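Visitor: Hi! I'm new to this one and would love a quick tour. Could you take me through it step by step?

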Amino acid sequence: MMKSRSGGEANCKVERKTAEKYRRMHMKSLCFKLSSIIPEEHRTIAKDVLTQQDNFDQATSYIKKLRERIETLKQRKLMQTSTVRNDTTMRFPSPIVEVRHQDLNLEILVISDLNKRFMFHEVINVIEEEGAEVVNANFSIVGDKIYHTIHSQAVSSRIGLEASSVYERLKDLIN
C-alpha cells in the first residue's frame, strides 16, 4: 500500500508540473499577443528589450489613451450633432418642399416637423393631377423631422411635367 501512495503522489506531482508548464506557455503566448497589438508609435522601449511588466505597463497606457480618444470623439460627435440640429432649425423653416425635375422624372422632397402633420395622400393626388405617376414613396424620421421622398414619372412623354406647377401646388397644400 505504501508504494501505491508514493506512486500516486509522484503521479500527482507530475500532473501538477505539466499543468503548470501548460499554464505558463499559455500565459507567454497571451503576453506575446498583447505585445503584438501595441503599435510601434506608442512604444517607449524597444520591443526586444521589454520585460513582461514593461509590456503590461505599455499596454495599460495604450488602452488609457484609446479610452481618452474615444471620449474625445464622442464629445466631438455630440457637439457636431447638436450644432447640426441647431443649424437645421435655424436655417430651414418647416415645412420644406423641394421639387427636382429631370427629363420625365420628378423627385419631391418634403421635410416637416413631427408636430406639423399633413395628409400624405393629398400630396400624391397633387402629383397625379399634374400628370405624373408615383413610382416610389418613402419617409424616415430623424430627430424631430420627417423626411418624405417621392419619385414619379410623367404619364405621357408628349405632355411632360411642369415642375413649377407641382411645386406651387404642394407649397400651398402643406402651408
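Guide: Happy to! One definition before we start: helices and strands here are DSSP runs, at least four residues for a helix and at least two for a strand, numbered from the N terminus. Also keep in mind that this is a predicted model.

Visitor: Okay, so how many helices and strands does the chain have?
Guide: The chain has 4 helices and 4 strands. Read along the sequence, their pattern is α-α-β-β-α-β-β-α.

Visitor: Since it's predicted, what is the average pLDDT of the chain?
Guide: The average pLDDT is 81, and 89% of the residues score at least 70.

Visitor: And where is confidence lowest, and where is it highest?
Guide: Helix α2, residues 52–91, has the lowest confidence, with a mean of 77. Strand β3 has the highest, at 89.

Visitor: How much of the chain counts as buried?
Guide: Of its 175 residues, 22% count as buried. As for contacts with a separation of 6 or more, 51% of them come from residues 24 or more positions apart.

Visitor: Let's talk about charges. How many salt bridges does the structure hold?
Guide: There are 8 salt bridges. In general, side chains of opposite charge can pair when their charged atoms come close.

Visitor: Which side chain does Lys145 meet in a salt bridge?
Guide: Lys145 meets Asp113, at 2.8 Å from N to O. This pair links distant parts of the chain, since Lys145 is in strand β4 (residues 145–154) and Asp113 is in strand β2 (residues 105–113), 32 residues apart.

Visitor: Is Lys145 buried or exposed?
Guide: Lys145 is buried, because its relative accessible area is 7%, and the cut-off for buried is under 20%.

Visitor: What about Arg169, which side chain does it meet at 2.3 Å?
Guide: That one is Glu129, in a salt bridge of 2.3 Å, N to O. Arg169 lies in helix α4 (residues 163–174) and Glu129 in helix α3 (residues 120–129), so this salt bridge ties together parts 40 residues apart in sequence. Arg169 is partly exposed at 31% relative accessibility, while Glu129 is exposed at 55%.

Visitor: Which side chain meets Arg169 at 3.0 Å?
Guide: Glu130 does, again in a salt bridge, at 3.0 Å from N to O. Glu130 sits in the loop between α3 and β3 (132–142), and the pair is 39 residues apart. With a relative accessible area of 19%, Glu130 is buried.

Visitor: Which residues are joined into one network by salt bridges that share partners?
Guide: Glu20, Arg23 and Arg24 are joined that way.

Visitor: Changing topic: how many disulfides are there?
Guide: The structure holds 0 disulfides. On cysteines, Cys12 is partly exposed at 32% relative accessible area, whereas Cys31 is buried at 8%.

Visitor: Back to α4. How far apart are its end C-alpha atoms?
Guide: They are 16 Å apart. That agrees with the expected span, because 12 residues at 1.5 Å a residue should also give 16 Å.

Visitor: And which residues of α4 are buried?
Guide: The buried residues are Ala163, Val166, Leu170 and Ile174. They cover an arc of only 60° around the axis, so they lie on the same side of α4.

Visitor: What do those buried residues pack against?
Guide: The buried residues of α4 pack against β1 (96–102), β2 and α3.

Visitor: One more pair of residues, please. Where is Val155?
Guide: Val155 is in the loop between β4 and α4. Val155 is exposed, with a relative accessible area of 63%. Setting aside neighbours within four places in sequence, Val155 is in contact with Gly131, Ala132 and Glu133. From Val155 to Val134, the C-alpha atoms are 9.6 Å apart in space, and the two residues are 21 apart in sequence.

Visitor: And Ser152, which strand does it lie in?
Guide: Ser152 lies in strand β4. At 2% relative accessibility, Ser152 is buried. Not counting residues up to four places away in sequence, Ser152 touches several residues, including Leu104, Ile127, Ala132 and Val135.

Visitor: Thanks, that was a helpful tour!
Guide: My pleasure, enjoy exploring!

Note on methods: Residues numbered from 1 in each chain as written. Predicted model: local features only at pLDDT ≥ 70, side-chain atom pairs only at ≥ 80, totals over all residues. Heavy atoms only, no water. Salt bridge = Lys/Arg side-chain N within 4 Å of Asp/Glu carboxyl O. Buried < 20%, exposed > 50% of the residue type's maximum accessible area, 1.4 Å probe, protein only. Disulfide = S-S within 2.5 Å. Expected span 1.5 Å × (residues − 1). Arc of directions from axis to C-beta. Contact = heavy atoms within 4.5 Å. pLDDT = per-residue confidence, 0-100.
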